[in-house]
Amino acid sequence: MTKKVSISSQKTIGRFAPSPSGRMHLGNIYTALAAWLCAKSAGGKFLLRIEDLDPVRCPRANAEQILSDLEWLGITWDNPDIPYQSERTAVYEKYFKQLTDKNLVYPCFCSRAQLHVADAPHASDGRVVYAGTCRRLTAEEVREKTKQRKPAARLILPDTEISFCDGCYGPQSFNLARDWGDIIIRRSDGVFAYQLAVTIDDGLMGVTQVVRGSDLLSSAAPQIYLFQILGFDAPEYLHLPMLITHDGARLAKRDKAADLGFLREQLPGPEPLLGYIACLLGQLSKPEPLKATDILPLFNQKKIPGHDIIIPGNFWENL
């Protein structure tokens, strides 16, 4: 069975939702600028949200640094009250209860090691597809296991095709059971998981356009399903090509030369960096210093490349 995606026809509302687990790097800035350009070029709004579900890994000081860096870059947002996920537990509780009341959630006692055993099914990206082991536990087995270990909570994903058209990669289709398996929506320590929180927040914020990296392309499928069962319209998706190193690894916050703190020390202002990113996004034939507002009238979403982009290790030397 294929479910059609409900796409809202209202005014474009885009968003950038960074996780403050460290300083922003080139990939984060690339995503933020692309999301801002996509929303603003459509005459829409651009919202900011801080995804700090785990406050231990995401201290508030890091979030404040992100706000400062975005201001330095000239990437503005339209919501003065920025949602912090760490402050929204009660909101997630409400929707979690809706799912449990519909008998769509069950406790899972599997350890990380158990999930990565040799015969566990894997998706093409290496992600473990859960085999549904704990879904088959009896009430008595659940009671006994709870005495030994606090369970996580999994959402049952049906044998259903989710199809959508990505703004960069075109038509996509995923079978929830085959490509994902039942997903964790609350960890054993009580922290709500990304898939649930991001869907609730996008739904409540009225987001109609999600621009993010292609590493999250398949995540659109379970999120679309969650939008449907929670009563929200699904947004449109545009997944950006990944920025990778010469050896094929994706850029990460540990790459010093791509760290915004390092880049700010090397550059006189944000314009050379923004012009370089505009070139990566296919908007310029060669890099030139530009403000974000200078790039906006040049922006054409169709020019975004549909393949991963190699970033030289010394890219900043030529900015």
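## Starting at Y84

Leaving out the residues up to four places away in sequence, Y84 is in contact with I50, D52, R60, A63 and L67. This tyrosine sits in the loop that runs between helix 2 and helix 3. Is Y84 buried or exposed? Its relative accessibility is 11%, and because buried means under 20%, Y84 counts as buried.

Keep in mind as you look around that this is a predicted model. For a sense of scale, try finding D159 as well: Y84 and D159 are 75 residues apart along the chain, and 34 Å lies between their C-alpha atoms.

## The whole protein

Now let us step back. The protein has 11 helices and 12 strands. Its C-alpha atoms fill a box of roughly 65 × 40 × 40 Å, taken along the principal axes. How does the radius of gyration fit what a compact globule would have? For 319 residues, such a globule would have a value near 20 Å, and the protein has 20 Å, so the two agree.

Of the 319 residues, 53% count as buried. The chain also makes many links between distant parts of its sequence: among contacts with a separation of 6 or more, 77% are between residues 24 or more positions apart. On the outside, the accessible surface comes to about 15,000 Å², and carbon and sulfur atoms make up 51% of that. As for charges, there are 37 positive and 36 negative ones, and their mean positions are 4 Å apart.

## Two enclosed helices

Helix 7 covers residues 194–204, and 9 of its 11 residues are buried, so the rest of the structure largely encloses it. The buried ones are Q195, L196, A197, V198, T199, I200, D201, D202 and G203. What covers them? The cover includes strand 2 (13–16), helix 3 (89–101), strand 8 (183–186), strand 9 (209–213) and helix 8. After helix 7 comes G206, a glycine with a positive phi near 70°.

Helix 8, which spans residues 220–230, is largely enclosed too, because 10 of its 11 residues are buried. You can pick them out as A220, A221, P222, Q223, I224, Y225, L226, F227, I229 and L230. Just after helix 8, G231 has a positive phi of about 90°.

## R49, a buried arginine

Next, find R49 in the loop between strand 3 (45–48) and helix 2 (60–73). This arginine is buried, and its relative accessible area is 0%. Which side chains does the side chain of R49 meet in polar contacts? One partner is E51, at 2.8 Å. Another is D202, at 2.9 Å, and D202 is one of the buried residues of helix 7.

The wider surroundings of R49, apart from its neighbours within four places in sequence, are R15, F16, A17, P18, I82, P83, Q85, V198, D201, D202 and M205. Several parts of the chain appear in that list, including V198, D201 and D202, which are buried residues of helix 7.

## H239, a buried histidine

H239 belongs to strand 10, residues 236–240. Its relative accessible area is 0%, so H239 is buried. The side chain of H239 has a polar contact of 2.7 Å with the side chain of D166, and another of 3.0 Å with the side chain of R212.

Not counting residues up to four places away in sequence, H239 touches D166, C168, Y169, R212, G213, S214, L216, L217 and A220. Look out for A220 in that list, since A220 is also one of the buried residues of helix 8.

## K11, an exposed lysine

Our last stop is K11, in the loop between strand 1 (2–3) and strand 2. Is K11 buried or exposed? A residue is exposed over 50% relative accessible area, and K11 is exposed because its value is 51%.

Even so, K11 has contacts beyond its neighbours within four places in sequence: G43, G44 and T208. With G43, the side chain of K11 reaches the backbone oxygen at 3.4 Å. K45 makes a good landmark here too: K11 and K45 are 34 residues apart in sequence, and their C-alpha atoms are 8.1 Å apart in space.

Definitions and conventions
Residues numbered from 1 in each chain as written. Predicted model: local features only at pLDDT ≥ 70, side-chain atom pairs only at ≥ 80, totals over all residues. Heavy atoms only, no water. Helix = DSSP H or I, 4+ residues; strand = E, 2+ residues; numbered from the N terminus. Rg over C-alpha atoms; globule rule 2.2 N^0.38 Å. Buried < 20%, exposed > 50% of the residue type's maximum accessible area, 1.4 Å probe, protein only. Contact = heavy atoms within 4.5 Å. Areas by Shrake-Rupley, 256 points an atom, 1.4 Å probe, with all protein chains shown as cover. Lys, Arg positive; Asp, Glu negative; His and termini not counted. Charge placed at Lys NZ, Arg CZ, Asp CG, Glu CD. Polar contact = N/O pair within 3.5 Å; in protein donor to acceptor, adjacent residues only side chain to side chain.
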